[in-house]
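Subject: A structure for you to explore

Hi there,

Here is the structure I promised to pass on to you. Have a look at it first, and then read my notes below.

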Amino acid sequence: MAEESPKRRKANFNEAETEVLIEQVLKHEQLLFAAGPGRASPGQKRRVWELIRHKVNPVAACPRDVEDLKKRWRDLKRRDRSKLCRLSQGCGPPGPAAALGLLLAPEELPPAA
């Protein structure tokens, strides 16, 4: 029986990959995350994630697949929420605009209600 080599992990996302991922996900946010009767089908979402993958891979340190991108997006949102929680000391669930507050430039943020 042949000895299998241990699975090597992929390189961390670099800054350019992260920027392209954020830019593209925010551009297609309505299609990817909308709820209700007007939401996109799973096939449409898969095509959008493939489009994002084709935009990220030219600047990637190593080839990324859709699951890598989805996981990175979830991690960015989670990290952003925990930063907001520490800053506000409220630690309650942030609103939808606040969830991406630290990912956006100040001029891109919606006005506070």
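To start with a question: does Phe33 count as buried, partly exposed or exposed, and at what relative accessibility? Phe33 counts as partly exposed, with a relative accessibility of 39%. Keep that residue in mind, as Phe33 comes back further down. Please also remember that this is a predicted model.

**The overall picture**

The chain has five helices and zero strands. If you follow the sequence from start to end, you will read the pattern α-α-α-α-α. The chain has 113 residues, and 28% of them count as buried. Its accessible surface is about 8400 Å², and carbon and sulfur atoms account for 54% of that. Now take the contacts between residues at least 6 apart in sequence: 55% of these join residues at least 24 apart.

**Three of the helices**

Helix H1 covers residues 15-27. Its 13 residues should span 18 Å at 1.5 Å a residue, and the end C-alpha atoms are 18 Å apart, so the two values agree. At the N-terminal end of H1, Asn14 acts as a cap, with a side-chain oxygen 3.2 Å from the backbone nitrogen of Ala16. The buried residues of H1 are Glu17, Thr18, Val20, Leu21, Ile22, Gln24 and Val25. H2, H3 and H4 are among the elements that cover them.

As you look at such a list, a general point is handy: an α-helix has 3.6 residues a turn, so residues three or four places apart point the same way.

Helix H3 (42-56) is next on my list. H3 has 15 residues and reaches 21 Å from its first C-alpha to its last, close to the 21 Å expected. Gly43, Val48, Trp49, Ile52 and Val56 are the buried residues of H3, and they pack against H1, H2 and H4.

H4 has 23 residues, and the distance from its first C-alpha to its last is 33 Å, close to the 33 Å expected at 1.5 Å a residue. Its buried residues are Val66, Leu69, Trp73, Leu76, Asp80, Leu84 and Cys85.

**The aromatic pair**

The structure holds one aromatic pair. The partners are Phe33 and Trp73, and they are stacked, with 6.4 Å from centre to centre and 15° between the planes. Phe33 lies in helix H2 (residues 29-33) and Trp73 in helix H4 (residues 66-88), so the pair ties together parts that are 40 residues apart in sequence. While Phe33 is partly exposed, Trp73 is buried, with a relative accessible area of 3%. Phe33 has a charged partner too: the charged end of Lys77 sits over its ring, 5.5 Å from the centre.

**Three residues to click on**

*Arg64.* You will find Arg64 in the loop between H3 and H4. Is Arg64 buried or exposed? Arg64 counts as buried, because its relative accessibility is 4% and the cut-off for buried is under 20%. The side chain of Arg64 reaches the backbone oxygen of Ala11 at 2.9 Å, and a polar atom of that side chain lies 3.2 Å from the backbone oxygen of Asn12. Arg64 also lies over the face of Phe13, at 4.0 Å from the ring centre. Not counting residues up to four places away in sequence, Arg64 touches several others, including Lys10, Glu17, Arg53, Val56, Asn57 and Leu69.

*Gln24.* This residue belongs to helix H1. At 4% relative accessibility, Gln24 counts as buried. Its side chain makes a polar contact of 3.4 Å with the side chain of Glu23. Which residues does Gln24 contact if you leave aside its neighbours within four places in sequence? They are Ile52 and Lys55.

*Leu31.* Look for Leu31 in helix H2. Leu31 counts as partly exposed, at 39% relative accessibility. Leaving aside neighbours within four places in sequence, Leu31 is in contact with Ala40, Lys45 and Val48. Leu31 and Ser41 are ten residues apart in sequence, and their C-alpha atoms are 8.9 Å apart in space.

Have fun turning the structure around, and write back with your questions.

Best wishes

Note on methods:
Residues numbered from 1 in each chain as written. Predicted model: local features only at pLDDT ≥ 70, side-chain atom pairs only at ≥ 80, totals over all residues. Heavy atoms only, no water. Helix = DSSP H or I, 4+ residues; strand = E, 2+ residues; numbered from the N terminus. Buried < 20%, exposed > 50% of the residue type's maximum accessible area, 1.4 Å probe, protein only. Contact = heavy atoms within 4.5 Å. Areas by Shrake-Rupley, 256 points an atom, 1.4 Å probe, with all protein chains shown as cover. Phe/Tyr/Trp six-rings, centres within 6.5 Å; stacked < 30°, edge-to-face > 60°. Lys NZ or Arg CZ within 6 Å of the ring centre and 35° of its normal. Expected span 1.5 Å × (residues − 1). Polar contact = N/O pair within 3.5 Å; in protein donor to acceptor, adjacent residues only side chain to side chain.
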